[in-house]
Amino acid sequence: MALLECRKVSRHFGGLKALVDFELTLEKGELVGLIGPNGAGKTTVFNVITGVFPPTLGEVVLEGRVINDRKPFQITQMGVARTFQNIRLFKEMTVLDNVRAVMHPRCGYNLLDSFVRTPRFARRERELTEEAEALLERMNLADRRHEKAGSLPYGAQRRLEIARALATRPKLLLLDEPAAGMNPSEVGQLVELIRKVKQEFDLTVLLIEHQMGLVMNLCERLVVLDFGQIIARGTPAEIQANPRVLEAYLGKAVAE
Amino acid sequence: MGQLLEQVVNGLQLGFVYALIAVGYTMVYGIIKLINFAHGDVIMVGAFVTFFGLVRGIPWPVAILVGMVTCALLGVVIERLAYRPLREKGAPRIAALITAIGVSLFIENFSSLRIAFGPDYRQFPAMIPRAQWNLFGVKVSSVQVLIIVSTLILVAILQLVVYRTKIGKAMRAVSMDMDAARLMGINVNQVIAFTFAIGSALAAAAGALLAAAYPQIWPYMGIMPGLKAFTAAVLGGIGSIPGALLGAVLMGQAEVLTAAYITTDFKDAVAFALLILVLLVRPAGLLGKAGPEKV
Amino acid sequence: MILQVQDLQVAYGNIQALHGVSLEVNEGEIVTLIGANGAGKSTTLRAISGLNRPKSGTIRFQGTDITRVPAHQIVAMGIGHVPEGRRVFPDLTVRENLELGAYIARPDTFHKNLAEVFERFPRLKEREFQKASTLSGGEQQMLALGRALMLQPKLLLLDEPSMGLAPRLVQEIFGIIAELNKRGTTILLVEQNAAMALSIAHRAYVLETGRVVLSGPAAELQSHPAVREAYLGGSGHGH
Amino acid sequence: MQKKSILSFALVVALYVVIYFLRRAGVITTYWGLILDLALITTISAVGLSLIYGFAGQFSLGHAAFYGVGAYVGAFITKAYGGTPLNFVLGLIAGTLAAALIGFLIGLPILRLRSDYLGIATLGFGVIVKVLFDNSDKISKLLGGSMGMMGIPRITTFTWVFWCAVLVIWLARNLINSSHGLACISVREDEIAADIMGIDTTRFKMLAFTLGCGMAGLGGGLYAHLYSFLHPSNFFFLKSFDVLLIVVLGGLGSLTGTVVAAIGVVFLQEILRDVLGQQFLEWRGVVYALALIVLMILRPQGLMGGWEFSLDRLFVRRPKGGNARGAA
Amino acid sequence: ACGGSQAPGTSTGPGSSSSSSSSSSSSSGSGSGSGSAEKVIKIGLIAPLTGNVKTFGESSKMGFELALEQAGYKAGDFKVEAVSGDDKGDSTEGVNIATRMITQDGVKAIIGSVTSGVTIPVGIVANENKIPMITGTATAEGVTVNDDGSRKPFVFRACFIDPFQGQVAAKFALNDLGVKTAAVFYDKGNPYTVGLAESFRAEFEAGGGQIVAWESYSQDDTDFSAVMTNVAALKPDMLYLPDYYNKVSLLAKAAKDKGLDVPMLGGDGWDSTDLDFGTLDGNYFTAHYSADDPSPAVQKFVKDFEAKYGTKPDSFAALTYDATNIMLEAIRIAGTDDTDKIRQAIQDLKGFQAVGGSISFDEKGNPIKAATILQVKADKTYGFVTTVNP
Ligand SMILES: Nc1ncnc2c1ncn2[C@@H]1O[C@H](COP(=O)(O)OP(=O)(O)OP(=O)(O)O)[C@@H](O)[C@H]1O
Ligand SMILES: Nc1ncnc2c1ncn2[C@@H]1O[C@H](COP(=O)(O)OP(=O)(O)OP(=O)(O)O)[C@@H](O)[C@H]1O
Ligand SMILES: CC(C)C[C@H](N)C(=O)O
Ligand SMILES: [Mg+2]
Ligand SMILES: [Mg+2]
């Protein structure tokens, strides 16, 4: 069974058809890229999958279950996590607390435990904090864990977004322009990071990105959107040669 | 039927006074997202200044004008001393709100001192001769006509200023993005001060009309009308001038019709229940645009 | 020399973002400022256009000290700034945005300038009465540029104009920048896309944690090993 | 961990004993004792709002209404069934639960609203509740309606107030320092992001709101049995502002700040009587307002910023720098 | 269970706290006959000196101070020290300041407070601490008696209890004005107006009159157009407006706006220079006294008041003036600062000559005194109509 299936998904905003008959099947362990011009509907795909708004038409199916009408937090608890194109960290919270907060659904104790500080509370708190710290270590953020998230440099904030997404223990990770605002060398590091994390956490990844270096390097196959419609699918090599994609998106010279 | 219509006119009188207060609120809110709780007290100052003018025999339009100018200055001074320092420090929005509460308390308490207006209730003299007409079987008084006409004129002028003038465009720009507005060469502080001036001048006019309709003034007179008018602005969709007008008229009708046909005891309860119900259906008010937040 | 920045220090609360940045821009140049995230590039531009108040240091524009001049007056002196993230006015139409760009311009030049902007960005003309919030990312970037050009600035500060844009648009935008410069606008360009930036710039500064660590002609820096390693993605680094 | 808790507890007990005996000995006079009691009651209610607004970010301008619900319900029980200690405790519990329940019921629909809209809706709710208090004599003559409710037994003592305050602060602290608390704070920081990151935002908004309203109710119950007279005007919407300004003045997201500000604001009002003397008594309101404005301008982040007093870690953690953006 | 420390006043007896905290050297020893001019007694005034009913508090304070000044700050052998405290019109603050005066400042007698909502809890504190207290103006029944009808022995008032005025007004309306139907407006949040309104209704109906409209409003209301429109349609013969001058002025104007040009009748709350004399010209109200009354108490008060303050006294000033004089007289009679004796002296007063007439107290601490009916004149004076004895 596929991990995720979008069946003829459309999303309209008033008269605007941001997404039309979008079809996508993600098998477990895949790493797929979603590209296309600005305003093509890429982020809309993520929003529909994560339940920010339901699709106008069609079905989103996660592990065989239709999730059209689930709330975002329920979908996340079912194993889908994402990052945001415009970073949305909990700015006034520390780096560590950003990660700890989203672990809440599996904290394993109830309100009463936290009020009276039962041993179970103490144990779980310790375990969760350790887990969070390990995750931050993994993302090169450990030494900044007591800083406020909002005061981190941009690149670190992007990494923290990924760390926070991972803390929800997702099966499917959605990355929205993770390399935006990074310079090529940082992008290189990011590529490695995504690879390793995917391995370690046994993830399926769908990512949106405009930096072709990253996309071509990382993705096994690509889906190209334009005006809400899929105009091409295929391996990076096929896409790079697709005249329609060149015309709509890449331009004359494909990124170096 | 005639009586119902007469009650509706009563409601319009109340609603239009609220409207004038509400647009002042909504302007300031629109531009710096501040619920300027001191606005109600500016109304009071406007009413008092007009009052002092009237008892000295100054013609009423002049007296109101003097009140408007005084309050415009007051608004600018409040902005300069209390809110701008916070803005320049990049303080959180709530700090400005608390400061506004402080300013409101200050104006009320200071005005109550003998060296200022004093704490007494004063009878507001009639500005225009009392007259009553029968329009299609509905009794309409000269004061009601004065209120409705002046509010309509002032709101129309305001709408023109905001949407048809350069400074209006600057105001809208500042309200959307202060830094970007600066980069257009807009003097943001000046635009905000201007907004306060206009809003406060309208408050003064509203104070004078409020006192004309309910002829008594005292230092705490602004609290309830201020609150109701702000609520009206929210009801209509805060930031929107037509919204403020609509909300205020509805609020006036809700109060008056409840008082007339249910009981006076519940008029505030009904008015606020209406607000809550409207917000549940339209979280950004009747004419406000909420739009699902883009992620 | 059109712009001279000396020993600029800027802090956000307790966080010091710039520790003494000095740089110069000559008339007619494209100068680019590159550096990692959080190096202080945007902060430098914001200080120049008066959005951030420096703790110390001086900024001179055409010989005049503008360090403590408020932002709106700096704009009037001829510095245009296209800020990070475009920052168009979302609820205003394209035309209204452009009108605001000319807020302090002489009214008689308005139509000429508007025509010029529309000529350069025909796409904006097509969308003249559309709200800015409904534009695509690339169109918004064009609008932000066009808005700054309405004043015919002598110096244009550009903060990451290519961010988040599709590759095709990136090329287009860089083309526009080069052309603007050819027509006489001096440009200070901040970019993550160092390769592109260096390819159109005359000179460049490299910023690291609030300090200038390298500077020189763009071509030289392009081949500088440290720059290659840190900003151009090296050649074959394998972690 | 354990040792620290025992130490904290010992310190609290010591504080209690010291104040208790200072009051017994008359060093703290009856009057200042009363003010202290009032300050602690205010603290209890303010901690409630701190949870709702300071931590969960839900802008409530209706706190006084919940305080009033607790006061009226508690007072009704002791007045109707006699002021025995048992009835007093039952009254406090009933008042707390009633406020929490009403908070829950009203929160369910209106917590969907955002920021200022929520504020105005809760304020409106407060106005409605006051109208109900005004007409409460139609429910039971004992409640007095708009004439006020008399004859409430005076049972609240320093001991009650102190330990209730300790309980409330302790509960709030424990909540905040748990995963549940982090979830609440994440809602304050970015509700949409929290939702998308798997946090049931509705649940945590409701949790903070219900708990916070309950705390207001507890404070109200204690108030009723300390002042022995209730009047609907005690719960006028302007009283909600008093609590709000305490929470903001203390620093959003700082329990320490809330406690310090609550005590400070109550004492300031009384101390001004001494400072101004007989002659300038009528300047009291003016000076108070000025103090508020000046404090806010000098410390827009609040007295404590986000700082929290802590025995476990006596180092100062001050996560707030300059805030990101202006008032826009 | 928890033996906490003192709630306001529970454990502080009358003498104990003052002997430790008061600076007065002679605070104990009731009739000890030591140095006569040295004995000091502190009298406290509690009134809203800030806040939205400040104007009432200020008037009261004027009356208080005038009384003390006329007495040369003396009460018998005692030198009187005045302490004033602000309650902001808020019951919490009222209790705070009362507790402070009693347990800290060593006040032995309290004048105040002004509004019933504050005076009720203040009275509880005074009574528990056995400190005699007289309010000039708080009219609610609950000020001097508890819920269960039992008396708070230390609490008195100088004003009518509400029912009396209502009865007088109703009789006047039926007999002198000859009306048959009346509309009544009252502030349901103000016990004073409720009391007057209800007693008026009872008496008016008992006398064969008919109440055609029974309308309440709240303290914050200023818009009466809706109710007045309704009432005008009912065409009542008269309006009964038992509220204070500020509300009455608004109500009267709203009535005239709606074409209701009928006689209006009110209570002592009308007595103020800020009344809208023009609109209310020719209408009547029940009052405590008439400035034209040749009685020396009245003449002295009116003359001295105008001399000291340059304005005419209103009913707040007059009543608080009376309250203060009653207290001074009681201290003189008691000749001691033993608060229980002072209390007894007040209770035992017979025919004390006050501005509001000859005063004695009934078993509930309310004065037994006559009411005067006055007519409002457009030239800002009142015409004496008649006096009605209880
Ligand atoms: N909440 C919304 N309300 C109205 N229109 C929306 C909303 N979200 C997206 N849109 C519109 O849908 C279209 C697709 O937007 P989307 O954000 O998915 O583009 P994108 O492919 O992610 O572009 P970019 O690469 O610039 O991020 C755009 O025209 C956008 O304006
Ligand atoms: N509003 C702010 N409040 C606090 N710190 C800030 C703020 N803006 C920037 N900083 C900090 O100042 C430093 C410089 O930031 P700046 O935005 O100038 O970097 P940049 O070089 O433009 O980076 P980027 O490539 O991410 O745009 C960073 O450490 C950043 O975290
Ligand atoms: C000031 C007035 C409203 C006082 C009124 N007599 C009362 O008892 O409350
Ligand atoms: Mg996108
Ligand atoms: Mg930047």
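These questions and answers concern a predicted model, with attention to a ligand site, one asparagine and the nonpolar cores.

Reader: Which chains surround ligand 2?
Author: The shell around ligand 2 holds 17 residues, and the closest include Lys41(C), Ser42(C) and Thr43(C). Chain C does not form the site by itself, so the site counts as shared between chains: the residues come from chains A, C and D.

Reader: Which helix gives the most to the shell around ligand 2, and with how many residues?
Author: Lys41(C), Ser42(C) and Thr43(C) are among the closest residues to ligand 2. The helix that gives the most spans residues 41-48 of chain C; this is helix H1, with three residues.

Reader: How do the residues of the shell around ligand 2 divide into nonpolar, polar and charged?
Author: The shell has 17 residues, with Glu84(C) and Gln192(C) among the closest. Sorted by type, they come to seven nonpolar, seven polar and three charged.

Reader: What is the distance from an oxygen atom of ligand 2 to a polar backbone atom of Lys41(C)?
Author: Ligand 2 has polar contacts with more than one chain. On chain A, an oxygen atom of the ligand is 3.4 Å from a polar backbone atom of Ser151(A). On chain C, an oxygen atom lies 3.2 Å from an N or O atom in the side chain of Glu160(C). For the polar backbone atom of Lys41(C), the distance is 2.7 Å.

Reader: How much of ligand 2 does the protein bury?
Author: One of the ligand's polar contacts is with the side chain of Glu160(C), at 3.2 Å. Taken alone, ligand 2 exposes 630 Å², and the share of this that the protein buries is 82%.

Reader: Is Asn68(A) buried or exposed?
Author: Asn68(A) sits in the loop between strand E5 and helix H2 of chain A. Residues that Asn68(A) touches include Pro54(A), Pro55(A) and Glu59(A). Its relative accessible area is 16%, and the cut-off for buried is under 20%, so Asn68(A) is buried.

Reader: Which backbone atom lies 2.8 Å from a polar atom of the side chain of Asn68(A)?
Author: The side chain of Asn68(A) reaches the backbone oxygen of Gly58(A) at 2.9 Å. The contact at 2.8 Å is with another backbone atom, the nitrogen of Val60(A).

Reader: How many residues does the largest nonpolar core have?
Author: Phe200(E) is one of the residues with the most contacts inside this core. Residues touched by Phe200(E) include Ala169(E), Ile211(E), Met238(E) and Leu265(E). Apart from this core lies another, of 46 residues, with Ile30(C) and Leu149(C) among them. The largest core has 414 residues.

Key: Residues numbered from 1 in each chain as written. Chains lettered and ligands numbered in written order. Predicted model: local features only at pLDDT ≥ 70, side-chain atom pairs only at ≥ 80, totals over all residues. Heavy atoms only, no water. Near = heavy atom within 4 Å. Polar contact = N/O pair within 3.5 Å; in protein donor to acceptor, adjacent residues only side chain to side chain. Areas by Shrake-Rupley, 256 points an atom, 1.4 Å probe, with all protein chains shown as cover. Helix = DSSP H or I, 4+ residues; strand = E, 2+ residues; numbered from the N terminus. Nonpolar A, V, L, I, M, F, W, Y, C, P; charged D, E, K, R; others polar. Buried < 20%, exposed > 50% of the residue type's maximum accessible area, 1.4 Å probe, protein only. Contact = heavy atoms within 4.5 Å. Core = buried A, V, L, I, M, F, W, Y, C linked by side-chain atoms within 4.5 Å. Lists of a residue's contacts leave out its neighbours within four places in sequence.
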